[in-house]
Amino acid sequence: MSVALDQRELPLLDREAPSLAARGAGEVTIALVGNPNAGKTSVFNRLTGLRAKTANFPGTTVEHRRATLAIDERWTTLIDLPGVYSLQPSTPDEQVACDALAGRLPGVAPPDLILLVVDSTNLERNLFLASQVVELHRPTVVALNFCDVAEKQGIEVDVAELSGWLGCPVVKVSARTGRGIDVLLATIDRTVHEQLRPRIHPELAACGACHGCPHSARFAWAERVRTASVRGEDRRHGRLTEAVDRVLTHRVAGLACFAAVMALTFLLIFWAATFPMELIDGLFGLAGEVVGRWLPAGDLNSLLTHGVIGGVGGMLVFLPQICLLFFMLALLEDSGYMARAAFVMDRLMHRVGLPGKAFVPLLSAHACAIPAIMSTRVIEDRRDRLATIMVIPLLTCSARIPVYAMVTALLFPAAPLKAAALFCGAYGLGIAAALAMAWLFKRTLLKGPVRPLVIELPNYRMPSLRNALLLTFDRAMAFVKTAGTTILAISLVLWALANYPNTPPHRLPADVQTRVTELTAAGDEAGARHLLEQASLERSFAGRLGRRIQPLFDPLGFDWKMSVGVLTSFAAREVIVSSTAVLYGLGSEGADQGVDSLLDSLRTARRPDGTPVFTTATGLSLLVFYVLAMQCLPTQAITRRETGAWKWPLVQLAYMTALAYLAAMATYQAASALT
Amino acid sequence: MRSGIEAEPRLLPLGVAAPLNLHAIGANLRIVRVEAPAADAARLNALGVCVGRRLSVVKPGDPMIVRVVGARVGLSARLAAAVWVESTAAVSQDEVAPIRAAV
């Protein structure tokens with residue numbers, strides 16, 4: 001943080017500063033707080049829509065979403081704090097939430113208003129946090145979320161009564177349907193304007209004064225408030241959840257269901273993603289063709305068609321799959337199933353020496369290792385946390401999907417079932433390797449017992465499509481941004497490496513020139529052009545570099561182009577796809593066809609001796625290598641930050657590279673022997 | 001392989017305090033003490049597994065599911081062994097009165 005920023009932010013740290021008047025009207029900060037599963041994010045999304053941005057709290061690695069919007073002509077910043085069960089933090093995320101509420105977080109203005117989101121179907125437990133929040137004595141509004149679900153279950157909440165007990169305004173809302181949001185906004189506006197602070201109920205004030213367990217007194221208070229303000233509670237919904245749970249949390253059936261859910265998710269991703277993928281592939285093919293035809297042949301033409309359109313197109317074609325995966329994971333999370341998955345996995349996790357809480361980070365790692373590593377902060381024990389961080393990059397993140405998709409499409413172009421099975425197998429390999437390595441780490445470098453499981457199992461709910469779509473949009477934008485910057489830059493460098501130095505035909509060796517003349521005489525124009533391009537590429541920088549390192553990758557079945565791909569994807573593994581698009585696209589392009597799609601070029605690629613580059617053995621070996629190899633610089637940086645030492649990212653890089661190399665070699669040799 | 005903390009669940013005699021992991025499904029229980037290490041105890045307390053709360057076992061085993069403060073909580077048998085409970089039916093009015101008074 002810069003000095004200038006510190007100075008500007010310093011006055012805001014003064015806890016005595018009158019918040020609104022001093023800063024003048026027009027800038028109001030509202031902090032959203034609530035139990036996990038109380039629908040806090042739904043309320044935030046309902047209020048802010050697409051305006052939200054993901055950011056870190058200054059000086060921390062804790063992520064949150066924030067948005068600025070006008071509430072009754074006042075510019076208002078909404079901050080979505082991490083979910084908490086109480087204001088006694090036990091994890092860094094909870095610590096940040098508590099500090100932000102109390103105005104103790106450096107660089108973050110103390111909130112002018114706290115918007116407490118409460119689940120009306122689980123009032124008593126939520127009231128525990130409410131009792132602590134109102135005691136902060138900041139202007140507070142309570143949003144009683146899921147009011148539609150509560151009514152359907154026959155739960156009737158007396159808002160006036162509840163408001164009296166909490167000493168602050170209470171508004172019934174349903175973030176899902178949008179009901180009550182206008183009333184909520186009006187109440188927020190009035191409470192901020194008049195700086196209405198909660199009046200602490202005398203019975204609540206007594207809780208702090210009484211001796212013995214402070215939690216116990218608060219829960220007793222919460223029970224009293226619930227009894228006084230809720231009528232006609234029925235347990236049918238809870239019983240339904242419990243009936244479903246008898247199957248989903250069963251020792252055997254639960255695991256089988258989990259496996260089925262994941263398999264179904266990936267089958268759906270495969271089936272549904274085919275159509276937009278073909279569309280995107282077609283569009284980029286068309287764009288390449290049009291540009292190739294309108295520009296005069298030469299370096300600029302080649303740069304645009306192969307470098308830019310080929311590189312970025314080869315990457316963006318996988319966007320539909322990535323979006324679908326995030327969408328499905330968001331739906332599963334929102335429905336309440338993820339907690340069950342963690343529950344049934346706890347037993348298995350203990351066998352490899354990890355706590356049940358490591359499961360959620362490990363599952364998130366299937367989207368991206370970076371947020372997953374950051375979310376390991378829910379694990380209290382340092383050894384458990386380190387072991388989890390060390391194995392997270394082995395799990396299949398979304399950046400691997402393009403690689404898997406490329407290989408499966410190459411090996412099984414017309415057999416979606418086989419392709420899905422191979423895809424699942426790659427995921428399985430990643431999971432198995434992660435668990436095995438965790439077991440090894442917990443028995444060697446990070447020896448120690450496991451922290452026991454405590455997790456809330458929320459009622460099952462109809463997941464919100466709106467939330468899932470917003471999350472997917474967020475992730476998709478981040479992915480497109482990467483594709484448009486880092487991957488574009490790497491594509492351009494690769495294009496340059498593959499095109500320079502340019503060898504004119506008369507400088508090629510005599511035998512190549514003779515063969516070209518022979519092919520031309522025989523009328524095989526395409527064959528002659530292919531040979532010329534290949535000979536020229538072999539003499540480029542990329543060709544020379546690839547040839548030098550290729551012997552290293554020979555036991556894995558990689559040709560020199562794939563070896564170049566491995567090198568260029570060191571910083572970001574998904575670059576292998578755009579690299580191969582550029583490298584193979586150059587060698588197999590027919591002048592009358594414009595840009596071939598990546599898959600076609602790969603399928604027709606030949607070694608100098610005429611055998612196909614992509615045999616089953618090579619494909620499997622490439623797949624295994626990319627399942628297990630580190631190949632992600634940002635992840636390494638996050639590991640360094642989260643562990644506080646360079647030792648851990650280095651251990652990570654070393655063991656993963658060795659594992660990937662050896663496993664890919666074994667795969668290639670075994671598959672070659674069998675086929 | 002069954003560990004020591006995961007003994008066969010059964011109904012205990014009324015009024016006898018015993019670790020939670022030894023209780024059968026559906027039992028009406030009251031928490032009498034939580035002997036977990038401070039960090040685990042804080043987590044348990046925040047979710048409602050706290051002295052004086054009523055609790056019932058939804059699913060015994062390891063991990064087990066309990067219903068407390070109107071919500072379900074999954075917890076490992078190792079932690080459940082640190083939560084001492086007794087049957088509510090056996091709690092006499094004399095024992096309940098001081099708790100009520102404190103509230």
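Two strands count as paired here when DSSP finds at least two bridges between them. Keep that in mind for the first two views, and remember that the whole thing is a predicted model.

**View 1. Strand 3 of chain B pairs with strand 4 of chain B.** Strand 4 covers residues 64-68 of chain B, and 4 bridges tie it to strand 3 in an antiparallel arrangement. For one of the pairs, look at Val57(B): its bridge partner in strand 4 is Val66(B). The two strands form a hairpin, with 4 residues between them. In that turn sits Gly61(B), with a positive phi of about 120°.

**View 2. Strand 3 of chain B also pairs with strand 2 of chain B.** Strand 2 takes in residues 28-34 of chain B, and strand 3 takes in residues 54-59. They run antiparallel, joined by 3 bridges. Here, Leu55(B) in strand 3 stands opposite Leu29(B).

**View 3. Helix 18 of chain A is mostly covered.** This helix spans residues 382-391, and 8 of its 10 residues are buried. Among the buried ones are Asp384(A), Arg385(A), Leu386(A) and Met390(A). What do the buried residues of helix 18 pack against? Their neighbours are helix 16 (359-364), helix 17 (369-374), helix 20 (416-443), helix 29 (633-643) and helix 30 (647-674), again in chain A.

**View 4. Cys368(A) sits in a loop.** The loop in question lies between helix 16 and helix 17 of chain A. Is Cys368(A) buried or exposed? With a relative accessible area of 27%, Cys368(A) counts as partly exposed, because buried means under 20% and exposed means over 50%. Pro393(A) is 25 residues away from Cys368(A) in sequence, yet their C-alpha atoms are 8.6 Å apart in space.

**View 5. Chain A has 30 helices and 10 strands.** Of its 675 residues, 55% are buried. Take the contacts between residues at least 6 apart in sequence: 74% of them join residues at least 24 apart. Chain A exposes about 28,300 Å², and 64% of that comes from carbon and sulfur atoms.

**View 6. Two stretches of chain A have pLDDT under 50.** Across chain A, pLDDT averages 82, with 89% of the residues scoring at least 70. Residues 1-26 stay under 50, and the model has 27 contacts for them beyond four places in sequence. Residues 586-596 stay under 50 too, with 24 such contacts.

Technical notes
Residues numbered from 1 in each chain as written. Chains lettered and ligands numbered in written order. Predicted model: local features only at pLDDT ≥ 70, side-chain atom pairs only at ≥ 80, totals over all residues. Heavy atoms only, no water. Buried < 20%, exposed > 50% of the residue type's maximum accessible area, 1.4 Å probe, protein only. Contact = heavy atoms within 4.5 Å. Areas by Shrake-Rupley, 256 points an atom, 1.4 Å probe, with all protein chains shown as cover. pLDDT = per-residue confidence, 0-100.
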